[in-house]
Amino acid sequence: MVEKVSIVIPVYNGSNFLKEAIDSAVSQSHKNKEVIVVNDGSNDGGKVEKIASSYKNSIKYYKKERGGVASALNYGIKRMTGNYFAWLSHDDIYKTKKIEKQLAFIKLNGIEACYTKVNIINKTGKIIGKDKSNWYKREKAIKEILKKNYINGSSVMITKKCLKSTGLFNEKLLYTQDNEMWIRILQNYEMKLLSDFLINYRMHKDQGTLKKKRVVRDEAQKMYKEIFEKIIID
């Protein structure tokens, strides 16, 4: 039996790139999948809803009140029916065999979570760089992520078992929810690297992490401090 993968696409006012993201998810070579688009309270005059609705039964579409990326991801995870979770940001693009290759990699290695290499693209989709991050064993990986988050959210695949034991994304974090989640996963599981470039990660001026660098930095510092304190207490 081919196992089911749930692809969750959180989006807030992202109509400019959303269609490309959904197209890349729907056209995956792995057939047993569901694509879940979560509209996180967009106030764009219905643009996101119009795009998502055009796919009819090809995707599952939900609209919720604005709560941030973590809340939108959790909303999708709570409604997914697959045994594996994959995140796709509304402005990124999956390569056609992303899910197929990643699922095979997880099964081959007997692991619960993995990530891939990514191409970096600009607003128009042109490749302007390549991800140069490495893979580290679990103990060192936590230290490296505390320095810099080298795991791209759109490249990750996680089993339902891992999510159940690790917990959902931290909704108190608006920008560093991915860093914190990877650290929690790495406390109990390896996150291996599939070294194929299976994601086109888009960098553009409207990204929240670029527009609010100081807020992101402050949130990260507070989050890291809490993690260190918990480690010391434990």
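Lys117 is buried in this predicted model, yet Lys117 has no salt bridge. The nearest side chain of opposite charge belongs to Asp131, 4.6 Å away, and a salt bridge needs a nitrogen-to-oxygen distance within 4 Å, so this pair does not count as one. Asp44 is a second buried residue without a salt bridge, while the structure as a whole holds 13 of them. The points below go through these charges, some of the pairs, one helix and a buried serine.

**Buried charges without a partner**

- Lys117 is placed in strand β6.
- Setting aside neighbours within four places in sequence, Lys117 is in contact with Asp131, Lys132 and Ser133, and also with the run Leu193, Leu194, Ser195, Asp196, Phe197, Leu198 and Ile199.
- Asp196, one of those contacts of Lys117, has a salt bridge with another lysine, Lys101.
- Asp44 sits in the loop that runs between β2 (33–40) and α2 (47–53).
- For Asp44, the nearest side chain of opposite charge is that of Lys63, at 6.4 Å.
- What does the side chain of Asp44 reach at 3.2 Å? The partner is the backbone nitrogen of Gly46.
- A polar atom of the Asp44 side chain also lies 3.3 Å from the backbone nitrogen of Lys47.
- Beyond residues up to four places away in sequence, Asp44 touches Asn13 and Ser15.

**Salt bridges**

- Lys101 and Asp196 form a salt bridge in which the closest N and O atoms are 3.4 Å apart. Lys101 belongs to helix α4 (residues 98–109) and Asp196 to strand β9 (residues 191–202), so the pair ties together parts that lie 95 residues apart in sequence.
- Lys101 is partly exposed, with a relative accessible area of 35%, and Asp196 is partly exposed as well, at 29%.
- Lys161 pairs with Glu112 in a salt bridge whose closest N and O atoms are 3.7 Å apart. This pair links distant parts of the chain, with Lys161 in helix α6 (residues 160–166) and Glu112 in the loop between α4 and β6 (113–121), 49 residues apart.
- Are these two partners buried or exposed? Lys161 is exposed, with a relative accessible area of 54%, whereas Glu112 counts as buried at 16% relative accessibility.
- Glu180 and Arg184 form a salt bridge with their closest N and O atoms 2.9 Å apart. Because they are four residues apart in helix α7 (residues 177–186), about one helical turn separates them.
- Both Glu180 and Arg184 are buried.
- Lys4, Glu34 and Lys60 are linked in a network of salt bridges.

**Helix α4**

- α4, the helix that holds Lys101, has twelve residues and reaches 17 Å from its first C-alpha to its last, close to the 16 Å expected at 1.5 Å a residue.
- Which residues of α4 are buried? They are Lys98, Ile99, Gln102, Leu103, Phe105 and Ile106. Seen down the axis of α4, these buried residues fall within an arc of 160 degrees, so they line one face of the helix.
- The cover over the buried residues of α4 includes β1 (5–11), β4 (84–87), β5 (93–94), β6, β8 (157–159) and β9. Among these covering strands, β6 is where Lys117 is found.
- Gly110 follows α4, and its phi is positive, near 60 degrees.

**Ser6 and its surroundings**

- Ser6 lies in strand β1, one of the elements covering the buried residues of α4.
- Ser6 counts as buried, with a relative accessibility of 0%.
- The side chains of Ser6 and Glu34 are joined by a polar contact of 2.5 Å. Glu34 is also part of the salt-bridge network with Lys4 and Lys60.
- A polar atom of the Ser6 side chain lies 2.9 Å from the backbone nitrogen of Gly82.
- Not counting residues up to four places away in sequence, Ser6 touches Glu34, Met80, Thr81, Gly82, Tyr84, Phe85 and Ala86.
- Ser6 and Lys160 are 154 residues apart in sequence, while their C-alpha atoms are 9.9 Å apart in space.

How values were computed. Residues numbered from 1 in each chain as written. Predicted model: local features only at pLDDT ≥ 70, side-chain atom pairs only at ≥ 80, totals over all residues. Heavy atoms only, no water. Helix = DSSP H or I, 4+ residues; strand = E, 2+ residues; numbered from the N terminus. Buried < 20%, exposed > 50% of the residue type's maximum accessible area, 1.4 Å probe, protein only. Lys, Arg positive; Asp, Glu negative; His and termini not counted. Polar contact = N/O pair within 3.5 Å; in protein donor to acceptor, adjacent residues only side chain to side chain. Contact = heavy atoms within 4.5 Å. Expected span 1.5 Å × (residues − 1). Arc of directions from axis to C-beta.
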